[in-house]
Amino acid sequence: MEPPGLVVHGEAAPFSTALRSLLNNPQYSDVCFVVGQERQEVFAHRCLLACRCNFFQRLLGPKLGPGMPSPVVLSAVPVEAFLAVLEFLYTNSVRLRRRSVLEVLTAAVEYGLEELRELCLEFVVKVLDVELVCEALQVAVTFGLGPLQERCIAFIEAHSQEALRTRGFLELSAPALLPLLRSDKLCVDEAELVLAARSWARVGAVEQIVEAWKCHALRRGDAARGAPCRRRRGTLPREHHCFLDLPFK
């Protein structure tokens, strides 16, 4: 019996460089994405995306007929984040940046790219600071990333005064804010915490909660007919009453 062959490997760097040259390169591409609010065209290769990512395999499906198919519109993902995802799919590496890593993380979760998600999580922990932490907390809560959520809460507890003054804090959702309000490890007194919660409410978070629960309380028939949302008593969760009871000015 012939012995099994030996797998030998060439140099990885030239291979990665060659694939990187295909990134967003219209030459030989057979799919075009229209990405982000800017509606920027991004070119790619169906076979590579489909074999690397189940999301794209389902999205692109079998190619029908010759020529370039219609562009695929992905307006929810920012261009920089989408290009980072493609870079990872083409080369199995990615250059992450602090300003966009949370958007890349969001795309990785939504596209089911577990390895890229873990790389993003590691990077976020390394660059976590006062300006980034609340935004990272919101992403962690949105996608159920428990370890990141715990790390963010611990960071905010240690840097409470600075974190509560950031724009990211004001933009937290109620589910992300509630664990902070319940924490007994924040390095601020109760008066400062009340002021921070009042500032959070002023940017419209309370109104968003109320409106969401108004619509949630509609009968299905009303919703199907497009009737306007009407408030029904008892539809606002008890855990949100604390925001409505704050002494606003």
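**Figure 1. Packing of helix H5 against helix H7 in the predicted model**. Helix H5, which spans residues 101–110, and helix H7, which spans residues 130–143, pack with an angle of about 10° between them, and their axes lie 11 Å apart. Because angles under 35 degrees count as roughly parallel, H5 is described as roughly parallel to H7. On the H5 side, the contact is made by Leu-102, Leu-105, Thr-106, Val-109 and Glu-110, while H7 contributes Leu-132, Glu-135, Ala-136, Val-139 and Phe-143. Sorted by class, the residues in the contact of H5 with H7 comprise seven nonpolar, one polar and two charged.

**Figure 2. Buried residues of helix H5 and the end of the helix**. Within H5, the residues Val-101, Leu-102, Val-104, Leu-105, Ala-107 and Ala-108 are buried. These buried residues pack against H4, against helix H6 (114–127), against H7 and against helix H8 (146–158). H5 is followed by Gly-112, a residue whose phi is positive, with a value near 70°.

**Figure 3. The largest nonpolar core and the surroundings of Tyr-111**. The largest nonpolar core of the chain holds 68 residues, and those with the most contacts inside this core are Phe-33, Phe-56, Phe-82, Tyr-111 and Phe-169. Helix H4, residues 79–91, gives the most to the core, with nine residues. When neighbours within four places in sequence are left aside, Tyr-111 is in contact with Cys-53, Phe-55, Phe-56, Leu-74, Val-77, Phe-82 and Val-85. In soluble globular proteins, nonpolar side chains tend to be buried together.

**Figure 4. Leu-48 of helix H2 and its contacts**. Leu-48 lies in helix H2, which runs over residues 46–52, and the residue counts as buried because its relative accessibility is 14%. Residues up to four places away in sequence not being counted, Leu-48 touches Leu-19, Leu-89 and Tyr-90. Leu-48 and Tyr-90 are 42 residues apart in sequence, yet their C-alpha atoms are 7.3 Å apart in space.

**Figure 5. Ile-153 of helix H8 and its contacts**. Ile-153 has its place in helix H8 and is buried, with a relative accessible area of 14%. Apart from residues up to four places away in sequence, Ile-153 touches Leu-137, Pro-179 and Leu-180. The separation between Ile-153 and Leu-177 is 24 residues in sequence, and from C-alpha to C-alpha these two residues are 10.0 Å apart in space.

**Figure 6. Ser-160 in helix H9**. Ser-160 lies in helix H9, which covers residues 160–163; its relative accessible area is 1%, so Ser-160 is buried. Not counting residues up to four places away in sequence, Ser-160 touches Leu-186, Cys-187 and Val-188.

**Figure 7. Two loop residues with positive phi, Asn-24 and Arg-39**. Asn-24, a residue other than glycine, has a positive phi, near 50°, and is placed in the loop between helix H1 (12–20) and strand E1 (31–35). With a relative accessible area of 27%, Asn-24 is partly exposed. Arg-39, although it is not a glycine, likewise has a positive phi, of about 55°, and is found in the loop between E1 and strand E2 (40–44). Arg-39 is exposed, its relative accessible area being 53%, and the cut-off that applies here is that exposed means over 50%.

**Figure 8. The chain as the setting for the close-up views**. The secondary structure of the predicted chain amounts to 15 helices and three strands, and 42% of its 249 residues count as buried. Among the contacts in the chain with a separation of 6 or more, 61% are accounted for by residues 24 or more positions apart. The chain has an accessible surface of about 15,100 Å², and 54% of this surface belongs to carbon and sulfur atoms.

Methods
Residues numbered from 1 in each chain as written. Predicted model: local features only at pLDDT ≥ 70, side-chain atom pairs only at ≥ 80, totals over all residues. Heavy atoms only, no water. Helix = DSSP H or I, 4+ residues; strand = E, 2+ residues; numbered from the N terminus. Buried < 20%, exposed > 50% of the residue type's maximum accessible area, 1.4 Å probe, protein only. Contact = heavy atoms within 4.5 Å. Areas by Shrake-Rupley, 256 points an atom, 1.4 Å probe, with all protein chains shown as cover. Axes fitted to C-alpha atoms, helices over the stretch in contact; angles between N-to-C directions. Parallel < 35°, antiparallel > 145°, perpendicular 65-115°, else oblique. Nonpolar A, V, L, I, M, F, W, Y, C, P; charged D, E, K, R; others polar. Core = buried A, V, L, I, M, F, W, Y, C linked by side-chain atoms within 4.5 Å.
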